[in-house]
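The exercises below are to be worked through with the sequence and the model at hand. Each task is followed by a solution that goes step by step.

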Amino acid sequence: MALATRRLAVAAGIDRGPFEDFLIDEARLLDERRFRDWMALFAEDGTYWVPSVPDQKSPFDQASLFYDDHDLMKTRIDRLEHPRIHVQTPPSRTAHIVGNVVIEHVDDGKGEFRVGSTFIMVEYRDDVQRLFAGRQRHHLRRHGETFRIVQKRVDLINCDAAFEAMAVPI
Amino acid sequence: MKDHGWAYDTDGKLATVPVPEGCGADFDKAAFGLARAPRVGEYRGFVFASLADKGPSFEDHIGPMKGNIDDLVDRAPDGTLALDAGMHRYVYNGNWKLQVENVLDSYHVPFGHASTVNQQGVQFARREGDQKGAAVIETEKKQTAASWKDRKSFNAGNGHGWTSNTTLDDGKRSSPVFDEYKRVLAEKVGAERAAEILTPRLHNSLIYPNMSIMGLNIHVRVIKPIAVDRTEVNIYPIRLSGAPEDMNFANIRLLNVTHSAASFVQTDDLESFVRAQKGLQSHLTDWVDISRGLGAEEPDTATNATRGLATHEMVVRAQYKAWLGYMDEAA
């Protein structure tokens, strides 16, 4: 499936490079805690979703770890910058690795793309180091020379585990 | 004997044993069912189990809290709740009682949840219909730190308690979805009863020792001690059967924001629990002061409970008194 779609993308003359660069830049904004710049990557109607069960069908009828629209993302980031956010005192440091980038779907008419990738995020905070990993899928919309995120979906391999507090987006 | 393939019915009876001819002549499957909880009770669909052979009866234990369960279940136009929207699971390195104290404590809110209040003193909205649909952003100043000062807490004995008082329908709350809910509820139970249901006594209820019901962003919470310094908490979002699905969806969405492991509210509580546990393990002091409001309690005849300010520590004292009683009984 993935190989077939990749061949399709290549046949359609789509270079994976700009997509991969976009994902790397996005991850870097998170790692540098430039949350407002990160939010600016999302379209006005963009959403950020981290399901709480594997293969979750909908963010509406089931609990999710994160399901933020633009307003909620802004509230989340306001809070991340609040001087009294105890769970970020001290703040998290993170390092993301993004790889295995595959263009899964192309809609030339709308200028929209679905890009799958695999990620690892290491988080260090207050003497504890934690590991998060999984697949992510970016639904992207062409925006001038770059993209805007219509949806970023992060499927953690342990999404249904019991977590200690998670304060920063993955 | 799971590694020998013994199989059990869903009621716990031993159903089949491989190679039965190896068993003794007097082998009786009926004697080898799964262990049962010594005592089980049920109220309006909630099943409670005790692993202790003796102790207060289920009726005596749950009695003071039946009204709180009614308060929740009665909100469903069809009279039943569905806990089918998954769950939030979080853990922390701290004792289970820290979470139990927290569900009825309002003293921690202004400091503990300061990061959810913006520079204008406005906390994000909490309910479908408060402002615009399912948005979780508030624009009008009302759920501010100051309002927590007026809140009351109630001690119902046995460690149980609740905090007042969040009216579901303050007259201003309106949206097409919420109005539809009110209409459906009134159609099922009558306008008078619907008005009563929408004026509940409760914000949070604690059914001691390990279950709570939150009446605002509605959910049931189960607190599971894992070790003296490790606790898992499960939060079940509630769908009110018969209510507009968009209202139930808004509640599910709101709980992502308030009580997921990545939420805006619960995460600061978890950090507090971890820090409190570190302090408690230091052994540099033997005492924790929980005397706020000592002597200020008063009887609440309407509910047959004892009432105090929710920023006082009456309910915390009541919890430890109950805990000590249960421990003495077990010893």
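**Exercise 1.** In this predicted model, find the bridge partner of A:Trp49 in β2(A), and then place the two strands in their sheet.

*Solution.* The residue that forms the bridge with A:Trp49 is A:Tyr67, in β2(A). Strand β1 of chain A, residues 42-51, pairs with β2(A) in the antiparallel sense, and four bridges join them. Widening the view, one finds an open sheet of six strands in chain A, ordered β2-β1-β6-β5-β4-β3, in which the pairing is mixed. Because β2 (64-68) and β3 (93-107) of chain A each have a single partner strand, they stand at the edges, and one side of each is left without a neighbour in the sheet. From one strand to the next the twist averages 15 degrees. Finally, helix α2 of chain A (residues 17-31) packs on this sheet, where it touches β3, β4, β5 and β6 of chain A, and its direction makes about 150 degrees with that of β3(A).

**Exercise 2.** Determine which side chains of strand β6 of chain B are buried, and identify the strand to which β6(B) is joined.

*Solution.* Following residues 88-92 of chain B, one sees the side chains alternate: B:His88, B:Tyr90 and B:Tyr92 point to one face and are buried, whereas B:Arg89 and B:Val91 point to the other face and are not. The strand joined to β6(B) is β12 of chain B (residues 230-237), which runs antiparallel to it and is connected by five bridges. Within this pair, B:Val91 stands opposite B:Glu232 of β12(B).

**Exercise 3.** Describe the side of chain B that touches chain A, by element and by residue class.

*Solution.* The contact involves 33 residues of chain B and 28 residues of chain A. On the chain B side, β6, β12, α7 (245-259) and α8 (266-280) each supply at least two residues, and the largest share, six residues, comes from α7(B). Sorted by class, the chain B residues comprise 19 nonpolar, nine polar and five charged.

**Exercise 4.** Classify the packing of α3(B) against α8(B), and list the residues that make the contact.

*Solution.* Helix α3 of chain B (residues 96-104) packs against α8(B) at an angle of about 130 degrees, the axes being 10 Å apart. Since this angle lies between 115 and 145 degrees, the two helices are oblique to each other, and the crossing is right-handed. From α3(B) the contact draws on B:Leu98, B:Gln99 and B:Asn102, and from α8(B) on B:Asp269, B:Phe273, B:Ala276 and B:Gln277. By class, these are three nonpolar, three polar and one charged.

Technical notes:
Residues numbered from 1 in each chain as written. Chains lettered and ligands numbered in written order. Predicted model: local features only at pLDDT ≥ 70, side-chain atom pairs only at ≥ 80, totals over all residues. Buried ≥ 20, exposed ≤ 12 C-beta atoms within 10 Å, placed from the backbone. Pairing = 2+ DSSP bridges. Contact = placed C-beta atoms within 7 Å. Nonpolar A, V, L, I, M, F, W, Y, C, P; charged D, E, K, R; others polar. Axes fitted to C-alpha atoms, helices over the stretch in contact; angles between N-to-C directions. Parallel < 35°, antiparallel > 145°, perpendicular 65-115°, else oblique. Left-handed = near helix turned anticlockwise from the far one by under 90°.
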